[in-house]
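Trainee: I have a model open and a few things I'd like to talk through. Can we go over it together?
Mentor: Sure, pull it up and ask away.

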Amino acid sequence: MRNDELNLARKIIIALDVKNREEARAVLESLPAARLFKVGLELYTAEGPAMIDLVKSFGKEVFLDLKLHDIPNTVAGAVKSAVRHGVAMLTLHTSGGREMMKRAVEAARETAEKENKPLPLILGVTVLTSLKDSDLQEIGFSSDARNQVLRLARLAVEAGIEGIVCSPQELEPLRAELGSRVRIITPGIRPAWAEAQDQKRIMTPGEAIKKGADFLVIGRPITQAPVPREAFNRVLEELQSAVKGA
Ligand code: C5P
């Protein structure tokens, strides 16, 4: 792969949404050109940190998507553990508040420096896309989802968080609000040639990059394609044309 292709390949995060180690290994084997893999709650709860090592044993980087949300001390401790495992990215809930986010950022910096580990990019999750305005009201939030997303994203940046996870629909307002410094990651990506499955508000990879996404989380359109590496290459080509056309 050429350098520009390598950089673009690193924009695609493959969701390892599988039950166990054998299935995770099969996905890793099927995608030699992918660089980043997401380990989420299902696989992590089934197999633990060994899954981080598995991804790394393939020479790949880990996006640890555990959406941490607890008191500041506990989240800081979890972040330290994640840094020791050498993850490249990890997520926490911005609704855990300013202090929780600040402590997480500090814990990552201190541990990376002291123990000579890579400093992961910490990403804030704002409002889960499964929640509608009426759900937010029910749990006592007074803003609608869109305003709540912007409010939490601003708070996250103030607390030192350098990346935000959002839905494709939130890309433009968030990019406008946060400027170019903050990294934005979005799932809900469907190439024009793929089935939507259960994703409702979707965007193609090219559109998402043009609207300001830095990273795309893509699962089934690639992992469940008849030939995953071909699907990966098609997405990569789409990103190349989007970047050229931008
Ligand atoms: O298979 P698919 O491409 O739909 O996978 C998308 C990944 O992004 C899954 O791991 C899913 O949990 C995650 N995700 C999402 N929508 C959100 C947040 C996360 O699809 N709003």
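Trainee: Is Gln197 buried, partly exposed or exposed?
Mentor: Keep in mind that this is a predicted model. Gln197 is in the loop between strand E7 (183–186) and helix H10 (205–210). Buried means under 20% relative accessible area and exposed means over 50%. Gln197 has 40% relative accessibility, so the label is partly exposed.

Trainee: What is the phi of Gln197 near?
Mentor: Gln197 is a residue other than glycine, yet its phi is positive. The value is near 50 degrees.

Trainee: Thr204 is in the loop between E7 and H10 too. Is Thr204 buried or exposed?
Mentor: The cut-off for buried is under 20% relative accessible area. Thr204 comes in at 18%, so call it buried.

Trainee: How far apart in space are Thr204 and Pro168, C-alpha to C-alpha?
Mentor: In sequence, 36 residues separate Thr204 from Pro168. In space, their C-alpha atoms are apart by 9.2 Å.

Trainee: Let's move to the ligand. Which residues are around it?
Mentor: By class, the shell has 5 nonpolar, 3 polar and 4 charged residues. Here is the list: Ala15, Asp17, Lys38, Thr129, Pro187, Arg190, Gln199, Val217, Ile218, Gly219, Arg220 and Pro221.

Trainee: Which side chain has an N or O atom 2.4 Å from a nitrogen atom of the ligand?
Mentor: Start with the ligand's oxygen atoms: one is 2.7 Å from an N or O atom in the side chain of Asp17. A polar side-chain atom of Arg190 also lies 2.7 Å from an oxygen atom of the ligand. The contact to a nitrogen atom, at 2.4 Å, belongs to the side chain of Thr129.

Trainee: And how much of the ligand's area does the protein bury?
Mentor: Taken alone, the ligand exposes 460 Å². The space it takes is the largest pocket. Of that exposed area, the protein buries 77%.

Trainee: Which elements give two or more residues to the shell around the ligand?
Mentor: Look for the elements in the shell that contribute at least a pair of residues. They are strand E8 (215–218) and helix H11 (220–223).

Trainee: Now Arg175. Is it buried or exposed?
Mentor: Arg175 is found in helix H9 (residues 171–178). A polar atom of its side chain lies 2.9 Å from the backbone oxygen of Gly179. The relative accessible area of Arg175 is 17%, and the cut-off is under 20%, so Arg175 is buried.

Trainee: What about Asn116, buried or exposed?
Mentor: Asn116 lies in the loop between helix H6 (98–114) and strand E5 (121–125). Although not a glycine, Asn116 has a positive phi of about 55 degrees. Its relative accessible area is 71%, so Asn116 is exposed.

Trainee: Helix H8 (residues 145–158) has Asn147, and Ala156 lies in helix H8 as well. Which relative accessibility does Ala156 have?
Mentor: Take Asn147 beforehand: it counts as partly exposed at 43% relative accessibility. Ala156 counts as buried, and its relative accessibility is 0%.

Trainee: How far in space is Ala156 from Met100, C-alpha to C-alpha?
Mentor: The two are 56 residues apart in sequence. From C-alpha to C-alpha, Ala156 and Met100 are apart by 10.0 Å.

Key:
Residues are numbered from 1 along each chain as its sequence is written. This is a predicted model: local features need pLDDT of at least 70, side-chain atom pairs count only at pLDDT 80 or more; totals for chains, interfaces and linings use all residues. Side-chain values use heavy atoms; hydrogens and water are left out. A residue is near a molecule or strand if one of its heavy atoms lies within 4 Å of it. A polar contact is a pair of N or O atoms within 3.5 Å; within protein, one must be able to donate a hydrogen and the other to accept it, and residues adjacent in sequence count only if both atoms are side-chain atoms. Accessible areas come from the Shrake-Rupley method with a 1.4 Å probe; for residues, only the protein chains shown count as cover. On a 1 Å grid over the protein atoms alone, a cavity is a set of points where a 1.4 Å probe fits but cannot get out, and a pocket is an open set with protein on both sides within 12 Å along at least five of seven lines; lining residues have an atom within 4 Å of a point. A molecule sits in a cavity or pocket if more than half of its atoms lie within 2 Å of its grid points. Helices (H or I, at least four residues) and strands (E, at least two) are DSSP runs, numbered from the N terminus. Ala, Val, Leu, Ile, Met, Phe, Trp, Tyr, Cys and Pro count as nonpolar, Asp, Glu, Lys and Arg as charged, and the others, Gly among them, as polar. Buried means under 20% relative accessible area, exposed over 50%, partly exposed in between (1.4 Å probe, protein chains only).
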